[in-house]
Amino acid sequence: MGPFEAIVVLIIVGFLMLAAEVFVPGMVLGLLGGLCLSGAVIVAFLYYDAVTGAIVFVGVCVYSVAGFFAWMAAFPHTAIGRRIMLQKRHASGVGERPSPSDLL
């Protein structure tokens, strides 16, 4: 496997691990995904020139931010997202505080 294939595999695996972090608690997959993305940038800098490394770095940053916003917009509308996220309950009155028994 050459450096180009290693960069592509590290980026794909990194983004998949970051996406799987939602379903597996403990931040292990998130940290490993971040390390994979960092590894892809490091490989790009080591085996190619600084311009290619910078392009990979900017690409990873842009796609990470875009993916985060897309995930936050789409996740609440999925079946798993509806089960995980808190549901809003409308109180009978506006500005009314819930009683302690309602909080239990």
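Which element contributes the largest share of the lining of the largest pocket? In this predicted model, that share comes from α3, which supplies six residues.

The pocket in question, the largest, has a volume of about 360 Å³. Two elements each give two or more residues to its lining, namely α1, spanning residues 3-20, and α3, spanning residues 50-74. The residues that line the largest pocket are Phe-15, Leu-18, Ala-19, Val-22, Tyr-63, Ser-64, Gly-67, Phe-68, Trp-71 and Met-72. By residue class, eight of the lining residues are nonpolar and two are polar, while charged residues are absent from the lining.

Outside the helices, Val-24 is located in the loop that lies between α1 and α2, the latter covering residues 28-47. Val-24 has a relative accessible area of 39% and is therefore classed as partly exposed, since this class lies between the limits of 20% for buried and 50% for exposed residues. Between the C-alpha atoms of Val-24 and Arg-97 the separation is 34 Å, the two residues being 73 positions apart along the chain.

As regards confidence, the protein has a mean pLDDT of 89, and 90% of its residues attain a value of 70 or more. Confidence is highest in α2, with a mean of 97, and lowest in helix α5, residues 100-103, with a mean of 77. Where pLDDT is low, predicted coordinates should not be interpreted in detail.

Technical notes:
Residues are numbered from 1 along each chain as its sequence is written. This is a predicted model: local features need pLDDT of at least 70, side-chain atom pairs count only at pLDDT 80 or more; totals for chains, interfaces and linings use all residues. Side-chain values use heavy atoms; hydrogens and water are left out. On a 1 Å grid over the protein atoms alone, a cavity is a set of points where a 1.4 Å probe fits but cannot get out, and a pocket is an open set with protein on both sides within 12 Å along at least five of seven lines; lining residues have an atom within 4 Å of a point. Grid points are joined across faces, edges and corners, and a volume is the space filled by probe spheres set on the points. Helices (H or I, at least four residues) and strands (E, at least two) are DSSP runs, numbered from the N terminus. Ala, Val, Leu, Ile, Met, Phe, Trp, Tyr, Cys and Pro count as nonpolar, Asp, Glu, Lys and Arg as charged, and the others, Gly among them, as polar. Buried means under 20% relative accessible area, exposed over 50%, partly exposed in between (1.4 Å probe, protein chains only). pLDDT is the predictor's confidence in each residue, from 0 to 100.
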